[in-house]
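Colleague: Got a minute to walk me through this one? I'd like to ask about a few spots while we look at it.

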Amino acid sequence: MATVLIADDDLLIRRAYTDILEDQGYDVIIFDNGSSAVESCERSMPDIIILDIHMPELNGMDTCRAIRALPNGKTVPILIISGSIGKNEVDTNECGANRLLLKPIETAELLQIISDYLV
């Protein structure tokens, strides 16, 4: 099954996404900051990445840019998630993200979006 990297500084969000995705058979790698996520991607690129927009060390946008700059980072699907901004306030194309999602995300919607990108 596919590997999903999640970087979010909210422990409850990380646990919830991990439970949801592992129940569906995904391998999940979690981090509480963008710097660790980038370091992980330098070693091994996951199949899809979910980034919180507001994180310590590197925010989601800067993390996305750093991953896109990696040799294998140009094509991996990257989803940025935010609970505090509107979809029109951030241009996810500017950092190379595939999509901006707003918290809270319903389980069925999250799974469908991930599935669509992994086809």
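**A few spots in the model**

Modeller: Sure, and let's start with Thr63: it is buried, with a relative accessible area of 0%. Keep in mind that this is a predicted model.

Colleague: Which element holds Thr63, and which residues does Thr63 touch, leaving out those up to four places away in sequence?

Modeller: Thr63 is found in helix 3. A relative accessible area under 20% counts as buried, so Thr63, at 0%, is buried. Leaving out residues up to four places away in sequence, Thr63 touches Gly34, Ala37, Val38, Leu51, Met55 and Leu58.

Colleague: What about Glu57, is that residue buried or exposed?

Modeller: Glu57 lies in the loop between strand 3 (48-52) and helix 3 (60-68). Glu57 isn't a glycine, yet it has a positive phi of about 75°. The cut-off for exposed is over 50%, so with a relative accessible area of 63% Glu57 is exposed.

Colleague: And Ser82, what is its relative accessible area?

Modeller: Ser82 is found in strand 4 (residues 78-82). Not counting residues up to four places away in sequence, Ser82 touches Asp52, Ile53, His54, Leu100, Leu101, Leu102 and Lys103. Ser82 is buried, and its relative accessible area is 0%.

Colleague: Lys103 came up there. What is the omega of the peptide bond from Lys103 to Pro104?

Modeller: Pro104 is found in the loop between strand 5 (99-102) and helix 5 (107-117). The peptide bond from Lys103 to Pro104 is cis, with omega near -5°.

Methods: Residues numbered from 1 in each chain as written. Predicted model: local features only at pLDDT ≥ 70, side-chain atom pairs only at ≥ 80, totals over all residues. Heavy atoms only, no water. Helix = DSSP H or I, 4+ residues; strand = E, 2+ residues; numbered from the N terminus. Buried < 20%, exposed > 50% of the residue type's maximum accessible area, 1.4 Å probe, protein only. Contact = heavy atoms within 4.5 Å.
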